[in-house]
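Biologist: I would like to learn how to read helix packing and burial from a model. Could we go through one together?

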Amino acid sequence: MIRFGFALLLSVSVAPVFAQDNSAFLKQEMPGLVDTYKDIHAHPELSHFEERTSALLAGELRKAGYAVTDHVGVYPDGSRAFGVVAILKNGPGPTLLVRADMDALPIVEETGVPYASQIVTKTSSGQNSGQTTGVMHACGHDVHTTVLIGTARALVAAKSQWHGTLMLIGQPSEETIDGAKALLADRLYERFGRPDMVIGLHDTNQHAAGSVGLTAGSAMSGATSVDVTIRGIGGHGAYPFAGRDPVVLAAMYIMQIQTIVSREEDPREPSVVTVGDIYGGTKRNIIPDAVKLELTTRAFSEKSRQVILDGLRQMATGLATSAGLPPDKMPTVTVLDAESTPILFNDPAMSSRVRTTLQKTLGAANVFDDPPTMASEDVGAFGLEGNKIPTVYFWLGAMYPDRFAAAKAAGRELPGPHTSKFEPDPEPTLETGVRSLTAVAISLLQ
């Protein structure tokens, strides 16, 4: 009966926005939030290592009045994650999960801002494990974490405007697509309660600070990580005819799999196959025994995903067979389930309510209807398989408005996420993030 009643509530247009008298609260909070953002930005941590960031977030949420549990999450190897779960109960009503991710990327920062990251570390996973790399918040998770802190405070200040339970999540390891799974594997919902709704946001270079974007329905593609090992028969570089060169076979394979999207997929089904990492050999005059490739694939349906995986396997086997390799030298194609994520589906009914709230809060001219994107996120995992829990994830404009306008007029884009020069405009981005996420939370907690 409770679930039925809540389902009816979703279709009712009751969306009080973050009250105007809370603008003074935001103005008071912004200097401190900008400082927090710059501190997190200057101290990025890679996936699985978010110790400092999670401690900072947990401390701020405790000070705001939430019941906080840290070190939530367990990875397949049994190691603990740095997940943060904060609960605030405010009378009877629905439970809303508000999620932000915390991890950074192995990129040397080139923004030139005074608070730029100077962190250098060694990679701990992948084919290039152990190599020295810079670390940068090149995907804006520093924005997300800071917005969560501001939203947590704003919702405490606005307790008279909503009722129910808040479940705030500081999620680790989004970039390796195993953070949400780690929290769920640690019995997240059994320990803290199953939410009725999930919301979150992600900053973007596609909109100027002060604006947001929203996609109803399939919003972000599902991602499947795949490892491929192309084997050969090694030998001296001067005598390639005496063996079978896996470097050449890998090059042929990379070119051939480009036809999966162009010739195997239904052209009405968007999909992507990308080789992001290739490694083989130790010296220029030695033909190696194997070449390893790391791939990411994207699709909006299970059928399309399967076409990609079938193509990867069949083409690898066919190439090896045509090269005359023996059975023990056949390639391997391994799907990494722990590093794969489902399609992000924004519940249409809930998206309609969220859009209305965003328009009332920011003005209709600042709320854009965005097309689906081939980028992927693991936030959808919190909605459980089959989208059992309604989820809405929207885009937060993060670009300096003047730079964005100039770039648009010139027909170019500003540097985006996963690049060394991704540079959000701190104050208006954070203020819009807190204002919009708070307003959406209040509108749903009625």
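Modeller: Start with a crossing: H2 and H3 cross in a right-handed sense. This is a predicted model. Helix H2 covers residues 23-42 and helix H3 covers residues 51-63.

Biologist: At what angle do H2 and H3 pack, and how far apart are their axes?

Modeller: The angle is about 160 degrees, and the axes are 10 Å apart. Angles over 145 degrees count as roughly antiparallel, so H2 and H3 are roughly antiparallel to each other. On the H2 side the contact is made by Thr36, Asp39 and Ile40, and on the H3 side by Arg52, Thr53 and Leu56. By type, the residues of this contact divide into 2 nonpolar, 2 polar and 2 charged.

Biologist: How should I read the spacing of such residues along a helix?

Modeller: An α-helix has 3.6 residues a turn, so residues three or four places apart point the same way. In H3, the buried residues are Thr53, Ser54, Leu56, Leu57, Ala58, Glu60 and Leu61.

Biologist: What do the buried residues of H3 pack against?

Modeller: They pack against H2 and H4, and also against strands E1 (67-74), E2 (80-90) and E6 (164-171). Just after H3, glycine 65 has a positive phi of about 110 degrees.

Biologist: How does the length of H3 compare with the span its 13 residues should have?

Modeller: At 1.5 Å a residue the span should be 18 Å, and the end C-alpha atoms of H3 are 18 Å apart, so the two agree. Helix H4 (residues 141-157) can be read likewise: its 17 residues reach 24 Å from first C-alpha to last, close to the 24 Å expected.

Biologist: How many residues of H4 are buried?

Modeller: Buried means under 20% relative accessible area. In H4, 14 of the 17 residues are buried, so this helix is largely enclosed by the rest of the structure.

Biologist: Now a second helix pair. How do H10 and H12 cross?

Modeller: Helix H10 (residues 348-362) and helix H12 (residues 426-444) have axes that come within 9 Å and cross at roughly 130 degrees. H10 and H12 are therefore oblique to each other, and their crossing is right-handed. H10 contributes Met350, Arg353, Val354, Thr357, Leu358, Thr361 and Leu362 to the contact. H12 contributes Thr432, Arg435, Ser436, Ala439, Val440, Ser443 and Leu444. These residues divide into 7 nonpolar, 5 polar and 2 charged.

Biologist: And single residues: is isoleucine 169 buried or exposed?

Modeller: Isoleucine 169 has 0% relative accessibility, so it counts as buried. Isoleucine 169 is found in strand E6. Beyond its neighbours within four places in sequence, isoleucine 169 is in contact with Val84, Val85, Leu97, Val98, Arg99, Ala100, Leu148, Leu183, Leu188 and Phe382. For distance, compare sequence with space: isoleucine 169 and glycine 200 are 31 residues apart in sequence, and their C-alpha atoms are 9.8 Å apart.

Biologist: Where is leucine 249, and what is it in contact with outside its neighbours within four places in sequence?

Modeller: Leucine 249 lies in helix H7 (residues 246-256). Its relative accessibility is 9%, so leucine 249 counts as buried. With those neighbours left aside, leucine 249 is in contact with Ile230, Arg231, Leu319, Ala323 and Leu325. Leucine 249 and alanine 320 are 71 residues apart along the chain, with their C-alpha atoms separated by 7.8 Å.

Conventions: Residues are numbered from 1 along each chain as its sequence is written. This is a predicted model: local features need pLDDT of at least 70, side-chain atom pairs count only at pLDDT 80 or more; totals for chains, interfaces and linings use all residues. Side-chain values use heavy atoms; hydrogens and water are left out. Axes are lines fitted to C-alpha atoms, for helices over the stretch in contact, and angles run from 0 to 180 degrees between N-to-C directions. Helices (H or I, at least four residues) and strands (E, at least two) are DSSP runs, numbered from the N terminus. Angles under 35 degrees count as roughly parallel, over 145 as roughly antiparallel, 65 to 115 as roughly perpendicular and the rest as oblique. A crossing is left-handed if the near helix is turned anticlockwise from the far one by less than a right angle, and right-handed if clockwise. Contact means heavy atoms within 4.5 Å. Ala, Val, Leu, Ile, Met, Phe, Trp, Tyr, Cys and Pro count as nonpolar, Asp, Glu, Lys and Arg as charged, and the others, Gly among them, as polar. The expected span of a helix is 1.5 Å times one less than its number of residues. Buried means under 20% relative accessible area, exposed over 50%, partly exposed in between (1.4 Å probe, protein chains only).
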